[in-house]
Structure formats: structure tokens, C-alpha cells
Amino acid sequence: MIAANIEKITQQLPAHVKLIAVTKTKPVELIQEAYNAGLRAFGENKVQEMVAKQPLLPADVEWHLIGHLQSNKVKYMAEFVHLIHSVDSLKLLQTINKEAAKHNRIIDCLLQVYIAQEDTKFGLSEDELLTLLQNINTNPLPHVRICGLMGMASNTDNQQQIEHEFKSLKNIHASVAGQLKQFTNINHHFTTVSMGMSSDYALAIACGSNMVRVGSAIFGNRN
Ligand SMILES: *Cc1c(COP(=O)(O)O)cnc(C)c1O
């Protein structure tokens, strides 16, 4: 069933869109099934869970941290994490830089932008994002690379609202990509727009996403 779900989803994805299979709460056996079906990029929202699963799966898995991240947890995954989607503060980025340096790595990061009309979602405003970039241009962080933005739409059935929120993230990405030319001290490869989940990935892609984070459509509902 997992292989069939993956097949169905990957058939719909344009070649420039990367699929992150969201494995939170799912046992290693099911993740291995997704691996056997060809997937290599897996997303977890909790550091502890990712750290527990990582040694039990093949070494060529790319681990993506997609959930809210506390600075004191960065050290547990700094050795292997592939991309952190949820950077929402300067302090967190400084900690990632420090922990990456200990492992002689450069860790790829996305900045999470707040696009939803809800109180519960984490992320930076566009102003806060620019302030953060100005700061790291002045005080460079050589062990992190800024690879783009991540956002989550509101949890609503209103497709127009979701579309509006996705488009706003794409627009912010384009605007920041232009402004980054002035920030010559920032290590960046600002190409990723991570948006879209099981219920809305097709809409997200239509709005300019090139990385979708899909869990339940692959593994079934979580309890
Ligand atoms: C759980 C989660 C997803 C995937 O959600 P599904 O609806 O199961 O596809 C995507 N992004 C984040 C940040 C998540 O926490």
C-alpha cells in the first residue's frame, strides 16, 4: 500500500519538485518500506524521534527536521541532519552554526515564514526575516547555508485562503532572493520553497512550491 501511494504521488510531481516523506509517529518498518519503494528523504518533527530512527535505517537516508526546533536539541542531530526546515530565530541559527562547526559541517537551513492566519504556527514575518539576514550578513555564520523558505498554510478548507498564503510565501521568496544580492557575506543557495502537505500539495506546487512534505497520503492517518 505504501509503495502504491508513493507511486501515485510521485506520478503527479513535476521533476523540479522534491518529495519529503513525513515519517513522524511511524515505525521504522514502514519507513523502510518507503525506502524500498525508492524514497530517500524523510521528515521528522521531533529531534528525539529522528535521532532514535536514524541508526535503524540505511545511511543514505536524508533526514529533514520539519517541526519547531529548540536550540538545546540541535546538538543531537548536528552530525547527520540534511536540511532543517524550521529555523525561526537568530539564536537558533547561531546554535546550528556552532554545532555544525563541531562536526566540521555546513548545515543547510530553510527559514520558516509565518503565512497562516492562526496563532499557533511558528515562523518569521517578512520584516523579521530581513532583520535576521542583515544580522548574519554583519556577523557571518560560516557553518550554515540559507537554502530558502518554509511555510505552512492555515488549517482550513478554504482553498482561496490557502492559495493566498502559498502565493505570499512564493512572493516573499522572490523578493528576498533579489535582496540577497546585497548580502555578500551570507552563505546561501536560495532556491527552495518548502510548502504543501498531503491535503494541499497540488495547490502548493501550482503556487510555486518545489519541496512538498507529505505524511498521511503515504503512510495513512496518524492517531
Ligand atoms: C506532519 C507535518 C507534515 C505532513 O502532514 P500530512 O498532512 O500528514 O501530509 C508536513 N509538514 C509539517 C511541518 C508537519 O509537521
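A polar contact here is a pair of N or O atoms within 3.5 Å. Keep that cut-off in mind as you click around this predicted model.

Start with the whole chain in cartoon view. You should be able to pick out nine helices and eight strands. The radius of gyration is 17 Å, close to the 17 Å that the globule rule gives for 223 residues, so the chain is as compact as a globular protein of that length. Along the principal axes, the C-alpha atoms fill a box of roughly 50 × 45 × 30 Å.

Now select the ligand. The space it takes is the largest pocket. Next, show the residues around the ligand as sticks: Val22, Lys24, Ile66, Met152, Met197, Ser198, Arg213, Val214, Gly215, Ser216 and Arg222. Colour that shell by class and you get five nonpolar, three polar and three charged residues.

Then zoom in on the polar contacts. At Ser216, a backbone N or O atom sits 2.8 Å from an oxygen atom of the ligand. Move to Gly215, where a backbone N or O atom is likewise 2.8 Å from a ligand oxygen. For a side-chain contact, click Arg213: one of its side-chain N or O atoms lies 2.9 Å from a nitrogen atom of the ligand. Finish with a surface view: the ligand taken alone exposes 390 Å², and the protein buries 91% of that.

Technical notes. Residues numbered from 1 in each chain as written. Predicted model: local features only at pLDDT ≥ 70, side-chain atom pairs only at ≥ 80, totals over all residues. Heavy atoms only, no water. Near = heavy atom within 4 Å. Polar contact = N/O pair within 3.5 Å; in protein donor to acceptor, adjacent residues only side chain to side chain. Areas by Shrake-Rupley, 256 points an atom, 1.4 Å probe, with all protein chains shown as cover. 1 Å grid on protein atoms, 1.4 Å probe; cavity = no way out; pocket = protein on both sides within 12 Å on 5 of 7 lines; lining within 4 Å. Sits in = over half its atoms within 2 Å of the grid points. Nonpolar A, V, L, I, M, F, W, Y, C, P; charged D, E, K, R; others polar. Helix = DSSP H or I, 4+ residues; strand = E, 2+ residues; numbered from the N terminus. Rg over C-alpha atoms; globule rule 2.2 N^0.38 Å.
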